[in-house]
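Me: I am new to this structure. Please take me through the surroundings of the ligand closely, and then show me how the rest of the chain is arranged around that part.

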Amino acid sequence: MNRAVAERPDEPVIERVLFSEGQIRARIQSLAAEISQDYAGADLVMAGILKGAQLFTCDLARSLRVPVSVDFLSLSRYKRSPQTRVVEITQDLEASIAGRDLLLVEDIVDTGLTLHYLIQQLTERAPRSISVCSLLDRSALRLADIPLRYAGFHVNEEFLVGYGLDYRERFREAPCISVLSREGWASPAE
Ligand code: PRP
């Protein structure tokens with residue numbers, strides 16, 4: 001266990017590395033190979049959902065062997081309760097998706113509600129297809145059925161940071177995915 005020593009008492013503490021940089025790179029290569037095969041001859045638009053999916057979207061895109069338009073969108077999430085979670089697009093795609101094959105890219109899918117509401121809105125733009133690729137899949141928390149076609153790793157309910165995932169905007173830039181110590185993070189209510 002590579003337990004980092006906190007420099008300040010209120011610093012979040014990394015408990016252990018869950019997926020190393022090499023493991024993530026290898027998994028992305030194999031996801032990209034699968035996607036390249038499935039989307040051969042398609043008009044692929046890959047849309048990363050900010051902020052968490054930034055690194056994954058870019059690394060995935062550069063491993064593809066098919067032409068792709070890479071785009072991003074940003075959402076504001078109103079978390080009343082999981083069932084009434086409302087999602088609003090605050091930074092929209094530049095690309096038109098009408099008649100094209102849209103692959104939404106996420107860092108993690110938990111309840112699936114973010115994607116459920118987003119897909120409802122994007123469907124109105126008449127893409128030819130919509131699928132989802134997520135680096136992490138926390139399916140134990142799933143509340144909505146979503147078209148998760150590609151999942152990098154299945155994970156449990158530990159608090160994860162790194163490679164796009166944050167704790168209060170920290171750790172997004174880390175090259176690996178780590179488990180944050182229970183002692184090191186405050187619940188969202190705090
Ligand atoms: C995370 C993640 C997904 C969403 C998944 O985003 O990137 O977009 O939560 O949750 P769900 O499946 O329960 O809807 P977050 O709100 O942490 O924003 P961020 O990507 O900017 O970190």
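Reply: The text below starts with the chain as a whole, moves to the ligand, and then works outward.

The model is predicted. The chain has 190 residues, and 49% of them are buried. It holds three helices and nine strands. From the N terminus on, their order is β-α-β-α-β-β-β-α-β-β-β-β. Many contacts link distant parts of the sequence. Among contacts with a separation of 6 or more, 63% join residues 24 or more positions apart. The chain exposes about 9900 Å², with carbon and sulfur atoms supplying 49% of that area.

Now the ligand. There are 16 residues around it, and those that come nearest are Arg77, Glu106, Asp107, Thr111 and Thr114. Which classes make up this shell? Eight of its residues are charged, four are polar and four are nonpolar.

Two elements each supply at least two residues to the shell: strand E5 and helix H3 (113-123). E5 gives the most, with four residues. Strand E5 spans 101-109, so keep it in mind because it returns below in the core.Three short distances involve oxygen atoms of the ligand. A polar side-chain atom of Thr111 lies 2.6 Å from one ligand oxygen atom. For Gly112, a polar backbone atom is 2.8 Å from an oxygen atom of the ligand. For Gly52, a backbone N or O atom lies 3.0 Å from an oxygen atom of the ligand. On its own, the ligand has 500 Å² of accessible area, and the protein covers 83% of it.

Next to Gly52 in the sequence is Lys51. Lys51 sits in the loop between E2 and H2. The peptide bond from Leu50 to Lys51 is cis, with omega near 0 degrees. Most peptide bonds are trans.

Step from the ligand to Arg138. Where does Arg138 lie? It is in the loop between E6 and E7. Arg138 counts as buried because its relative accessible area is 11%, under the 20% limit. Its side chain makes a polar contact with the side chain of Asp110, at 2.8 Å. A polar atom of the Arg138 side chain also lies 2.7 Å from the backbone oxygen of Glu158. Leaving aside neighbours within four places in sequence, Arg138 is in contact with Ile108, Val109, Asp110, Val155, Asn156, Glu157, Glu158 and Leu160.

The nonpolar interior comes next. In soluble globular proteins, nonpolar side chains tend to be buried together. Here the largest nonpolar core has 28 residues. Those with the most contacts inside it are Ile35, Phe56, Leu60, Leu103, Cys133, Leu136 and Ile177. Helices H1 (21-38) and H2 (54-63) each give two or more residues to this core. So do strands E2 (44-50), E5 (101-109), E6 (129-137), E7 (148-154) and E9 (177-180). H1 gives the largest share, five residues. E5 thus appears both in this core and in the shell around the ligand.

Take Leu60 as one example from the core. Not counting residues up to four places away in sequence, Leu60 touches Ile28, Leu31, Ala32, Ile35, Met46, Val105 and Cys133. Apart from this core lies another, of 22 residues. Its members include Val87, Leu104, Leu113 and Ile130.

Gln29 gives another view of Leu60. Gln29 lies in helix H1. The C-alpha atoms of Gln29 and Leu60 are separated by 7.5 Å, although the two residues are 31 apart along the chain. Is Gln29 buried or partly exposed? Gln29 is partly exposed, with a relative accessible area of 41%.

Two residues in one loop round off the tour. Most residues other than glycine have a negative phi. Tyr163 has a phi near 45 degrees, a positive value. Tyr163 is placed in the loop between strand E8 (160-161) and E9. At 6% relative accessibility, Tyr163 is buried. Glu169 is also in the loop between E8 and E9. Its phi is near 70 degrees, again positive. Glu169 counts as partly exposed, at 45% relative accessibility.

How values were computed
Residues numbered from 1 in each chain as written. Predicted model: local features only at pLDDT ≥ 70, side-chain atom pairs only at ≥ 80, totals over all residues. Heavy atoms only, no water. Core = buried A, V, L, I, M, F, W, Y, C linked by side-chain atoms within 4.5 Å. Buried < 20%, exposed > 50% of the residue type's maximum accessible area, 1.4 Å probe, protein only. Contact = heavy atoms within 4.5 Å. Near = heavy atom within 4 Å. Polar contact = N/O pair within 3.5 Å; in protein donor to acceptor, adjacent residues only side chain to side chain. Areas by Shrake-Rupley, 256 points an atom, 1.4 Å probe, with all protein chains shown as cover. Nonpolar A, V, L, I, M, F, W, Y, C, P; charged D, E, K, R; others polar.
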